[in-house]
Amino acid sequence: MRPASDILPPQAFAQSLPFGTGPHTPSLECGVRMVASGPESRSGGVVDLTAQSARGPMRIVDAIGRRRLPFLSWVTGGHFVVHWYVSLLSLVSPFIREDLGLTDVQVGTITTTHAGVGSGLMVASGYLSDTFRRQVSLMVSGAIVAVGVALFVLGATHSYSWTLVATGLLGLGVGFWHPAAMGSLSLRFPDRRGLALSVHGVGASVGDSLGPVIVGDILAVASWRVVIEYHLWPAVLIALLLWRGIRNDSVRAQDDSGASFRSYVSGIRDLVTNRQVLAVMLANALVNMARLAVMAFLGQGVMNLIIF
């Protein structure tokens, strides 16, 4: 049966609808003209809504650019690995506390060391990534090796001092990764900076979500020390693949004009005297303080509930 719109003129068909027509009713004739002007109508075919919806992911790829997509994929994958490794610290904290007989203050110091080293290195690594832009591939690959070595030391040591060294290495990996990777993405995607950084952030979220769940299941049948020690070898392999994957692309993405030390210091001075920047830094500090406090002691609290 042919639809009524094919039999009646547009205005007559509109008047036959239950909601009628009025000054605020969209013009059906206009809608008919819009549909008729499409390529599907001219060819006599039917509009394929499934094909149009499938174009969604392809539009994202087109916006990023097919030549730039491998670079974004490698960097996002590396961000996934970094956050997978870092998320395991909160997972194994109860085991570290039990094995070493630590107090609450000592457990808190582990988290403080990790966060403090990472935050303290941000400014320095930012200067290095701006100054040595052609070495970004080495910096991000080295960050992954650092978190792998950190987990290996954390699993192998029975000393509280070396535990702090291991968590400091975790912070070093985080501190070197973010300025180098995000700065490189900003230069590689000047016209799609927000999209590139958001995709990069998705990699971190997935790593934070999957790491504790998958490794937690493995810990049910294996020693926590052995499991995190073996994270070293995938880190070395992934770092090598990442370096090979982006070394040429990262060189093309960078120019030769690095930031001078004087201009960098001047820029920092301008930032710390800006009230809006200080307000954002304070808000970010408060949020991270709350998050780290929860992550540091949540695992031990859950274990206490299970035991008692």
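In what order do the elements of the chain run from the N terminus on? They run α-α-α-α-α-α-α-α-α-α-α-α-α-α. The model is a predicted one, and the secondary structure of its chain comes to 14 helices and zero strands.

Some totals describe the chain as a whole. It has 308 residues, and 33% of them are buried. Its accessible surface comes to about 17900 Å², and carbon and sulfur atoms account for 67% of that area. Among contacts with a separation of 6 or more, 80% are between residues 24 or more positions apart.

The interior comes next. The largest nonpolar core has 43 residues, and the members that touch the most others are Tyr85, Ile96, Val140, Ile144, Leu154 and Trp177. At least two residues of this core come from each of helix H6 (69-100), helix H7 (104-131), helix H8 (136-156), H9, helix H10 (193-219), helix H11 (224-229) and helix H12 (232-253). The most is given by H6, with 12 residues. Tyrosine 85 shows what such a core member meets: apart from neighbours within four places in sequence, tyrosine 85 is in contact with Val147, Gly148, Leu151, Leu170, His231, Pro234 and Ala235.

Helix H9 covers residues 160-188. Its 29 residues should span 42 Å at 1.5 Å a residue, and its end C-alpha atoms are 42 Å apart, so the expected and modelled spans agree. The N-terminal end of H9 is capped by serine 159, which has a side-chain oxygen 3.3 Å from the backbone nitrogen of serine 161.

Two residues of H9 can be compared with the surroundings they have. Leucine 164 lies in helix H9. Its relative accessibility is 22%, and therefore leucine 164 counts as partly exposed; the cut-off for buried is under 20%. Leaving out neighbours within four places in sequence, leucine 164 is in contact with Thr109, Ile110 and Thr113. Valine 153 is 11 residues from leucine 164 in sequence, and their C-alpha atoms are 9.9 Å apart in space.

Histidine 178 is also placed in helix H9. Histidine 178 counts as buried because its relative accessibility is 14%. Its side chain and that of histidine 79 are joined by a polar contact of 3.0 Å. Not counting residues up to four places away in sequence, histidine 178 touches His79, His83, Met122 and Gly183.

Helix H10 follows. It has 27 residues and reaches 39 Å from its first C-alpha to its last, close to the 39 Å expected at 1.5 Å a residue. There is nevertheless a kink of about 25 degrees at leucine 210 in H10, shortly before proline 212. The buried residues of H10 are Ala196, His200, Gly203, Ala204, Gly207, Gly211, Val215 and Leu219. Their cover includes H6, H9 and H11.

Helix H11 holds arginine 225. Is arginine 225 buried or exposed? At 11% relative accessibility, arginine 225 counts as buried. A polar contact of 3.4 Å joins its side chain to that of aspartate 99. Beyond residues up to four places away in sequence, arginine 225 touches Asp99, Leu154, Gly155, Ala156, Thr157 and His158. One of these, Leu154, is among the core members that touch the most others.

Key
Residues are numbered from 1 along each chain as its sequence is written. This is a predicted model: local features need pLDDT of at least 70, side-chain atom pairs count only at pLDDT 80 or more; totals for chains, interfaces and linings use all residues. Side-chain values use heavy atoms; hydrogens and water are left out. Helices (H or I, at least four residues) and strands (E, at least two) are DSSP runs, numbered from the N terminus. The expected span of a helix is 1.5 Å times one less than its number of residues. A polar contact is a pair of N or O atoms within 3.5 Å; within protein, one must be able to donate a hydrogen and the other to accept it, and residues adjacent in sequence count only if both atoms are side-chain atoms. A nonpolar core is a set of buried Ala, Val, Leu, Ile, Met, Phe, Trp, Tyr and Cys residues joined through side-chain atoms within 4.5 Å. Buried means under 20% relative accessible area, exposed over 50%, partly exposed in between (1.4 Å probe, protein chains only). Contact means heavy atoms within 4.5 Å. Accessible areas come from the Shrake-Rupley method with a 1.4 Å probe; for residues, only the protein chains shown count as cover. The bend at a residue is the angle between axes fitted to the seven residues ending there and the seven starting there.
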